[in-house]
Amino acid sequence: MNNILLNIIKISFLTCIVKIIGFIKDIIIANKFGINSNTDSFYTSIKIQNIFRRIITEGTLLYIFIPILSKYKLKKNKKKIEQLISTVYLILILLLFILTIICIIFSNKIILIIYSGFKNNYKKLELTQKIFNFTIPFILLISLSYFLASILNLWNIIYPIITIQLITNINIILFSIFISKYFYIPITSLSIAMIIGGIIQLTIQRIYIKQIPIKINISKINFLNKGIFKIIKKFIPTISNILIYQISQIINNNLSSYFKEGSISWIYYADKLIEFPLSILSTITGTWLLSKLSNEYNKKNINKYNKLIEKYLQIILLLSIPISIFFLKSSKLLIITLFKYGKFKYLDVIMTSKILIIYSIGLTISILNKIFISCYYSQQKINIPNKISIFILIFSQILNIFTIKIFKYIGISLSIIISSYLNCFLLYKQLIKKKMFIHKYQWKKFIIKIIISNILIFIFLNKLNNKLEINFIKFNFYKRIIYIIFSIIYTIIIYILSLFLLKINKEKFFN
């Protein structure tokens with residue numbers, strides 16, 4: 001078994017554990033607080049934070065900083081590397097501090113820009129503002145944590161980045177069970193849990209960073225470092241690409257704020273469910289893949305570069321398609337098993353299930369988009385994805401007009417998935433056209449075998465779940481869990497056997 005597959009297994013296993021803890025957190029929140037205007041306010045605050053985190057952290061860190069730092073690392077000039085890291089770290093702290101002040105001063109206006117529908121519900125707006133103000137420092141803490149974790153990633157210390165969410169989730173669980181009852185509005189206690197979690201996770205990253213030979217120190221700051229000028233040069237086109245995507249998210253969030261009460265929470269729970277497989281696969285195609293691709297491209301190892309992309313495409317297709325089918329055919333059963341307790345109603349199951357089905361159809365495409373984006377950024381050719389993003393933004397919002405009119409709150413999710421398919425096609429087409437990625441693997445037979453194997457899974461799950469769905473809600477928690485576990489085991493067995501019978505050559509595939 002080669003290093004790529006071994007690393008994927010390690011990362012996937014650890015991410016899986018983190019996500020299980022995340023699911024426990026969501027189960028407890030659903031059971032404890034139900035789905036209402038209070039949970040809408042809490043999840044709204046989290047979504048706004050995520051928008052700012054993605055703009056600052058992913059815009060400057062993942063797609064600009066990592067490829068440049070990778071080049072510096074290859075040259076093995078310790079002084080310049082320390083100058084670059086220390087300077088960017090200080091700039092990031094200053095940017096985040098300014099952002100924190102702006103968010104505190106203009107929190108009400110920020111919320112109304114992103115969720116304008118709240119202007120008709122003063123209580124929901126007031127609570128959202130209160131929770132958002134409490135949790136604003138979390139943006140700074142988590143962004144700095146990701147910055148340090150991405151540096152560790154380049155030195156092959158992969159575990160800290162996976163544990164970032166773990167600390168916050170554990171804190172939220174503890175506060176939900178033991179502390180929330182002491183608050184006038186119980187769900188506001190989770191804001192404090194997030195801040196404490198953010199402080200702990202940043203401390204952990206600071207401890208791990210001492211394990212690498214590079215030191216972050218104020219005395220090493222040098223604004224004349226060439227890498228800083230490269231980052232500034234790439235910043236505007238890169239941040240514009242991130243902003244285009246976030247503008248689309250803001251518009252979608254704005255639209256969701258006008259739907260019936262609970263819509264934001266239904267979308268959130270569907271997001272969290274699909275995020276389980278998505279985050280496991282995204283972890284190995286995000287910062288880790290980008291750093292590897294950047295490294296090979298900077299070394300001019302074009303053959304290895306292309307081979308690495310193909311391996312990831314093969315592995316992602318092999319893993320993501322059966323997972324998406326499982327979520328597609330088991331959406332209601334999964335939601336009932338995880339959330340249908342306490343204040344979580346059966347109506348909430350139905351509404352959340354509809355969104356989850358749509359997200360399931362787009363799972364594989366979402367991961368492929370991340371791989372293709374990594375190709376562009378590893379080569380620092382970001383104008384192409386920028387142009388595509390602008391087109392996709394316009395297309396998705398035009399599509400929203402039709403999908404929302406017909407499908408209401410589900411229309412937003414449907415529009416996102418259709419746009420993702422188009423985005424994937426355009427990214428791939430340009431990669432081939434510009435010869436930024438050259439195929440060497442014979443894909444036709446592989447694709448046919450994957451399709452046949454997944455048709456078998458679809459037939460199996462369709463027969464299995466249709467018979468049980470009516471009575472499943474009557475099962476207790478343990479019976480539900482046992483059924484889901486055995487369903488997963490049987491699906492895996494059928495899939496592996498079908499791949500074996502179809503003779504997918506694992507040596508050729510993984511070497």
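**Lysines with positive phi**

I looked up Lys-435 in this predicted model and found it exposed, with a relative accessible area of 66%. Its place is in the loop between α16 and α17 (443-472). I noted a positive phi of about 55 degrees for Lys-435, although the residue is not a glycine. Most residues other than glycine have a negative phi.

I then turned to Lys-300, which also has a positive phi, about 65 degrees, without being a glycine. Lys-300 sits in the loop between α10 (287-298) and α11. Its relative accessible area is 65%, so I entered Lys-300 as exposed, the cut-off being over 50%.

**Helix pairs**

Two packed helices are described by the angle between their axes and the distance between the axes. I took α15 (residues 383-407) and α16 (residues 410-433) and read an angle of about 155 degrees, with the axes 8 Å apart. Angles over 145 degrees count as roughly antiparallel, so I listed α15 and α16 under that heading. Their crossing is right-handed.

For α6 (residues 159-179) and α7 (residues 189-209), I read axes that come within 8 Å and cross at roughly 150 degrees. These helices are therefore roughly antiparallel to each other. I noted a right-handed crossing for α6 and α7.

**Helix α12**

How many of the nine residues of α12 are buried? I found eight in the stretch 331-339, so the helix is largely enclosed by the rest of the structure. The buried residues are Ser-331, Leu-333, Leu-334, Ile-335, Ile-336, Thr-337, Leu-338 and Phe-339.

**Aromatic pairs**

I found 20 aromatic pairs in the structure. A pair of aromatic rings is described by the distance of the centres and the angle of the planes.

For Tyr-89 and Phe-147, the centres are 5.5 Å apart and the planes stand at 20 degrees, so I entered the pair as stacked. The pair links distant parts of the chain, with Tyr-89 in helix α3 (residues 78-105) and Phe-147 in helix α5 (residues 122-154), 58 residues apart. Tyr-89 counts as buried at 10% relative accessibility. Phe-147 is buried too, with a relative accessible area of 1%.

Tyr-269 and Phe-344 make an edge-to-face pair, at 5.7 Å centre to centre and 85 degrees between the planes. I placed Tyr-269 in helix α9 (residues 263-285) and Phe-344 in the loop between α12 and α13 (346-361). The two residues are 75 apart along the chain, and their pair links distant parts of it. Both Tyr-269 and Phe-344 are buried.

I followed the ring pairs further and found that they link Tyr-269 and Phe-344 into a cluster with Phe-42, Tyr-43, Tyr-268 and Phe-339. Phe-339 is also one of the buried residues of α12.

**Lysines over rings**

Which ring has Lys-73 over its face? I found that of Trp-155, with Lys-73 at 5.3 Å from the ring centre. I also looked up Lys-479, which lies over the face of Phe-475, at 4.4 Å from the ring centre.

**Cysteines**

I searched for disulfides and found zero in the structure. Cys-375 is in no disulfide, and the nearest cysteine sulfur, that of Cys-424, is 11 Å away. A disulfide needs the two sulfur atoms within 2.5 Å, so the 11 Å to Cys-424 is beyond the cut-off. Cys-375 is buried, with a relative accessible area of 0%. I read 0% for Cys-103 as well, which is buried.

**Two C-alpha distances**

I looked up Leu-243 in helix α8 (residues 226-256). At 35% relative accessibility, I entered Leu-243 as partly exposed. Its C-alpha atom and that of Asn-386 are separated by 9.9 Å, the residues being 143 apart along the chain.

Is Ile-316 buried or exposed? I found Ile-316 buried, with a relative accessible area of 0%. This residue lies in helix α11 (residues 302-329). From Ile-316 to Ile-162 I read 19 Å, C-alpha to C-alpha, for residues 154 apart in sequence.

Note on methods. Residues are numbered from 1 along each chain as its sequence is written. This is a predicted model: local features need pLDDT of at least 70, side-chain atom pairs count only at pLDDT 80 or more; totals for chains, interfaces and linings use all residues. Side-chain values use heavy atoms; hydrogens and water are left out. Buried means under 20% relative accessible area, exposed over 50%, partly exposed in between (1.4 Å probe, protein chains only). Helices (H or I, at least four residues) and strands (E, at least two) are DSSP runs, numbered from the N terminus. Rings of Phe, Tyr and Trp (its six-membered ring) pair if their centres lie within 6.5 Å; planes under 30 degrees apart count as stacked, over 60 as edge-to-face and the rest as tilted. A charge sits over a ring if NZ of Lys or CZ of Arg is within 6 Å of the ring centre and within 35 degrees of the ring normal. Axes are lines fitted to C-alpha atoms, for helices over the stretch in contact, and angles run from 0 to 180 degrees between N-to-C directions. Angles under 35 degrees count as roughly parallel, over 145 as roughly antiparallel, 65 to 115 as roughly perpendicular and the rest as oblique. A crossing is left-handed if the near helix is turned anticlockwise from the far one by less than a right angle, and right-handed if clockwise.
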